[in-house]
Amino acid sequence: MSPYTVLNFLWSLGGMPPQALVQIALTGHDPVLPSSFAVGTAAQASIAAAALAACELAHARGQPRQLIKVAMAHAAAECTGYFTVDGQAPEQWDSLAGLYRCVDGHVRVHTNFPHHRDGALRLLGLDPASATRAEVAHALLGWKALDFEQAAADRGLVATALRSFAEWDATLQGQAVAAQPLMTITRIGDAPVRALPVLADDARPLTGLRVLDLTRVLAGPVGGRALASFGADVMLVNSPNLPNIAAIAETSRGKRSAHIDLRTDTGREILWRLAKEAHVFSQGYRPGGLAALGFSPEALAARSPGIVAVSLTAYGTQGPWAQRRGFDSLVQTAMGFNYAEGQAAGDGKPRALPMQILDQASGFLMAFGAAAALWRQQREGGSWHVQISLAQTGHWLRGLGCIESGQRTGQTDLSRWLTDEMSGFGLLRAISPSARLARTPACYTRPSVPPGSDEPKW
């Protein structure tokens, strides 16, 4: 499937004007990384959609349209999430995370966060203080894969059994995901059109817009980073009580970073004060987590009319897994991608996609959905809710088709797109934005800083 066809589909799904599509230039073709799936097309199309929607919103605010170029190799490189701090690539996986054999198949266990790690080890009857990978492997040989998956889910842990596409399609969750669109943009309340400042011709497209980024791990932070690159004032809000992963150094480029404890009355009051001045409220916590604290999309629309709420889940809002936690690596395993990549390689050994493309593409689709909803708000008024899930992105990726001999493609040389900047973590080297805007280049004007470096105020 051609990248232009994929972009046209996304653009139509967002309800955006077709005449804007003449402003996009897409170059390159799959394969760009070793995979039997069109990961380059997914990266390029989702990034292009986000950039074009930001520019179309700017056009609605009085700015002339501008040409946007996205090269597939650069887009794929950006979606690898590659970075170093002070010349070192941080370890991004816990030593116990990964794929293990069971009595009847395989299961992938996610242990990057201490509570998930300790819970999985206790489920296996192991001591969290001393367990080794060999002990985990031995313990899992006594489990059936689906039994361990269910036992983990019952305890709020994160593990999934390895499935083929056919096995995933036979599940109720696979059927629920297949029945849903890639993403939804829904009007959830009445509100007048929000007055936005007129843009100067040389201002980045989202200048003057405020985004609250209550997301963690990868997909959501990528979406907030994309909005920041197009000029939005993005505030990453972390809990002072939760851990983060190393990638926060890369995904925090362009953002403020504040701590708010939403378990306290004071913390919730601070967030409401910020939300009333925000144009976008993006969240990726477990389903219902923020709603239980009072910050549902409907509550946001009632107290901040005209706001755009963006919600990310692992498996969508329908089906028996709708409330389950999940991460890119686990969704790949559950849905059949790891199995299919092993079959395409010829040895049958399950293997991951070459980057966490479900996270990355979902992040850029979140940015696209936010900009598209803001564009519709300028035309129709109202408050809006954008919903994305990793599993729906996975279903979309699968639908882009397979790449013959894609596994034999070499790794892309990233060096031509690497940039250096001083950050609150040290010297950060990372991939520059792949969406090239002709008049107002995408960039990060704020350095990446550790959580809590900024005050929670605009």
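The following questions and answers concern cysteines and salt bridges in this predicted model.

Q: How many disulfides does a search of the whole structure find?
A: The search finds zero disulfides.

Q: Why is Cys 402 not in a bond with the closest cysteine sulfur?
A: A disulfide requires two cysteine sulfur atoms within 2.5 Å. The closest cysteine sulfur to that of Cys 402 belongs to Cys 79 and is 19 Å away, which is too far for a bond.

Q: What is known of Cys 443 with respect to disulfides?
A: Cys 443 takes part in no disulfide. Its nearest cysteine sulfur, in Cys 55, is 13 Å away, against a cut-off of 2.5 Å.

Q: Why is Cys 402 called exposed, and why is Cys 443 called partly exposed?
A: Exposed means over 50% relative accessible area, and partly exposed lies between 20% and that value. Cys 402 has a relative accessible area of 60% and is therefore exposed. Cys 443, at 29%, therefore counts as partly exposed.

Q: What makes the contact between Glu 56 and Arg 65 a salt bridge?
A: The rule asks for a side-chain nitrogen of Lys or Arg within 4 Å of a carboxyl oxygen of Asp or Glu. In the pair Glu 56 and Arg 65, the closest N and O atoms are 2.7 Å apart, so the pair satisfies the rule.

Q: Is Glu 56 buried or exposed, and how is Arg 65 classed?
A: Buried means under 20% relative accessible area. Glu 56 has 4% and is therefore buried, whereas Arg 65, at 28%, counts as partly exposed.

Q: How do you know that Arg 210 and Glu 277 form a salt bridge, and which parts does the pair tie together?
A: The N to O distance between the side chains is 2.7 Å, and the cut-off is 4 Å. Arg 210 lies in strand S8 (residues 210-214), while Glu 277 lies in the loop between helix H11 (265-275) and strand S11 (280-283), so the pair ties together parts that are 67 residues apart in sequence. Arg 210 is partly exposed at 27% relative accessibility, and Glu 277 is partly exposed at 38%.

Q: What makes Asp 420 and Arg 429 a salt bridge?
A: Their closest N and O atoms are 2.6 Å apart, and the limit is 4 Å. Asp 420, at 43% relative accessibility, is partly exposed, and Arg 429 is partly exposed at 37%.

Q: Which residues are joined into one network by salt bridges that share partners?
A: Glu 78, Arg 225, Glu 250 and Arg 253 are joined in this way. By the salt-bridge rule, the count comes to 16.

Conventions: Residues numbered from 1 in each chain as written. Predicted model: local features only at pLDDT ≥ 70, side-chain atom pairs only at ≥ 80, totals over all residues. Heavy atoms only, no water. Buried < 20%, exposed > 50% of the residue type's maximum accessible area, 1.4 Å probe, protein only. Helix = DSSP H or I, 4+ residues; strand = E, 2+ residues; numbered from the N terminus.
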